[in-house]
Amino acid sequence: MRFTSPPDPINFNQQVWDIVRRVPPGRVTTYGEIARRLPLPEGMDPKAYLAFAPRWVGGAMAACPADVPWQRVINSKGEISARPGARMQHQLLEEEGVQFNERGRIDLTIFGWPDSAGEQEQPHLL
DNA sequence: GTTGTGACATCGC
DNA sequence: CGCGATGCCACAA
């Protein structure tokens, strides 16, 4: 059963997965960043979208295909969200070269994608 | 129709 | 940097 879905869940999920597939190994991205790269559904206030799109992204990840590196999607704190498989996600990221703090957090200024140094990809919303 | 909740973000202290 | 409080949309009971 799917959780909350955007007005166009199929298209939304597809775009989410597409973005996640573009995340290079050894890098991580956040729900918020993904949400910013997604188009704003017509008739929806940007504010409202930005407020809840991240959760829709999470909903998309819940049904993500096997070819999507879901482990590279984390929350804005740089931490792995509480959910079954978090332990495995941690291990997978470490194997990719992502370093965790003692608290289990990732330094997004280093491993965050896109990197602020100019590895920018596509323009974003707003 | 009302209430609660979700793989979160952002602002303030 | 960390913690607490607030907000938003859609859906199930």
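Colleague: Which phosphate oxygen partner does serine 81 have, and how far away is it?

Modeller: A polar atom in the side chain of serine 81 sits 3.2 Å from a phosphate oxygen of DNA strand B. Keep in mind that this is a predicted model.

Colleague: OK. What about arginine 36, how far is its side chain from a phosphate oxygen of DNA strand B?

Modeller: That distance is 2.8 Å, taken from a polar side-chain atom of arginine 36 to a phosphate oxygen of DNA strand B.

Colleague: And which residues come nearest to DNA strand B?

Modeller: There are 16 residues around DNA strand B, and the nearest are Thr4, Tyr31, Arg36, Arg55 and Ser76. Of the strand B atoms that come within 4 Å of the protein, 35% belong to sugar and phosphate.

Colleague: What does a base nitrogen of that strand sit next to?

Modeller: A polar backbone atom of methionine 61 is 3.1 Å from a base nitrogen of DNA strand B.

Colleague: Which helix gives the largest share of the surface near DNA strand B?

Modeller: Helix 3 does, with six residues. Helix 2 and helix 3 each bring at least two residues to that surface.

Colleague: How do the residues there split by class?

Modeller: Near DNA strand B you get seven nonpolar, six polar and three charged residues.

Colleague: Switching strands. Which residues surround DNA strand C?

Modeller: The list is Thr4, Ser5, Met44, Ala48, Ala51, Phe52, Arg55, Trp56, Arg103 and Arg105. For strand C, sugar and phosphate make up 56% of the atoms that come within 4 Å of the protein. By class, the surface near DNA strand C has five nonpolar, two polar and three charged residues.

Colleague: What does arginine 103 do there, distance-wise?

Modeller: An N or O atom in the side chain of arginine 103 is 3.2 Å from a phosphate oxygen of DNA strand C.

Colleague: Any backbone atoms in play? What does serine 5 sit by, and what does alanine 51 sit by?

Modeller: Serine 5 has a polar backbone atom 3.4 Å from a sugar or linking oxygen of DNA strand C. For alanine 51, a backbone N or O atom lies 3.5 Å from a base oxygen of DNA strand C.

Colleague: Thr4 turned up in your answers for DNA strand B and DNA strand C. Where in the chain is threonine 4?

Modeller: Threonine 4 is in the segment before helix 1. Its relative accessibility is 45%, so threonine 4 counts as partly exposed. In space, its C-alpha is 9.8 Å from that of valine 57, though the two residues are 53 apart in sequence.

Colleague: New topic: how many salt bridges does the structure hold?

Modeller: Four. One of them pairs the side chains of aspartate 67 and arginine 21, at 3.1 Å from N to O.

Colleague: What does that pair tie together?

Modeller: Aspartate 67 is in the loop between helix 3 (46-62) and strand 2 (73-74), while arginine 21 is in helix 1 (residues 9-21), so the bridge links parts 46 residues apart in sequence.

Colleague: Are those two buried or partly exposed?

Modeller: Aspartate 67 is partly exposed at 49% relative accessibility, and arginine 21 is partly exposed too, at 36%.

Colleague: What does arginine 22 pair with?

Modeller: Arginine 22 meets aspartate 18 in a salt bridge, 2.6 Å from N to O. Arginine 22 is partly exposed at 41%, and aspartate 18 is partly exposed at 31%.

Colleague: And glutamate 33, which arginine does it meet?

Modeller: Arginine 37, with 2.8 Å between N and O. The two are four residues apart in helix 2 (residues 31-37), which means about one helical turn separates them.

Colleague: Is arginine 37 buried or exposed?

Modeller: Buried, with a relative accessible area of 18%. Its partner glutamate 33 is partly exposed at 28%.

Colleague: Last one, pockets. What volume does the largest pocket have, and what lines it?

Modeller: The largest pocket has a volume of about 150 Å³. Eleven residues line it, and the closest to its centre are Leu108, Thr109, Gly112, Trp113 and Pro114. Strand 1 (29-30) and helix 5 (108-111) are the elements that give two or more residues to the lining.

Colleague: How does that lining divide by class?

Modeller: Four of the lining residues are nonpolar, five polar and two charged.

Key: Residues are numbered from 1 along each chain as its sequence is written. Chains are lettered from A and ligands numbered from 1 in the order in which they are written. This is a predicted model: local features need pLDDT of at least 70, side-chain atom pairs count only at pLDDT 80 or more; totals for chains, interfaces and linings use all residues. Side-chain values use heavy atoms; hydrogens and water are left out. A residue is near a molecule or strand if one of its heavy atoms lies within 4 Å of it. A polar contact is a pair of N or O atoms within 3.5 Å; within protein, one must be able to donate a hydrogen and the other to accept it, and residues adjacent in sequence count only if both atoms are side-chain atoms. Ala, Val, Leu, Ile, Met, Phe, Trp, Tyr, Cys and Pro count as nonpolar, Asp, Glu, Lys and Arg as charged, and the others, Gly among them, as polar. On a 1 Å grid over the protein atoms alone, a cavity is a set of points where a 1.4 Å probe fits but cannot get out, and a pocket is an open set with protein on both sides within 12 Å along at least five of seven lines; lining residues have an atom within 4 Å of a point. Grid points are joined across faces, edges and corners, and a volume is the space filled by probe spheres set on the points. Buried means under 20% relative accessible area, exposed over 50%, partly exposed in between (1.4 Å probe, protein chains only).
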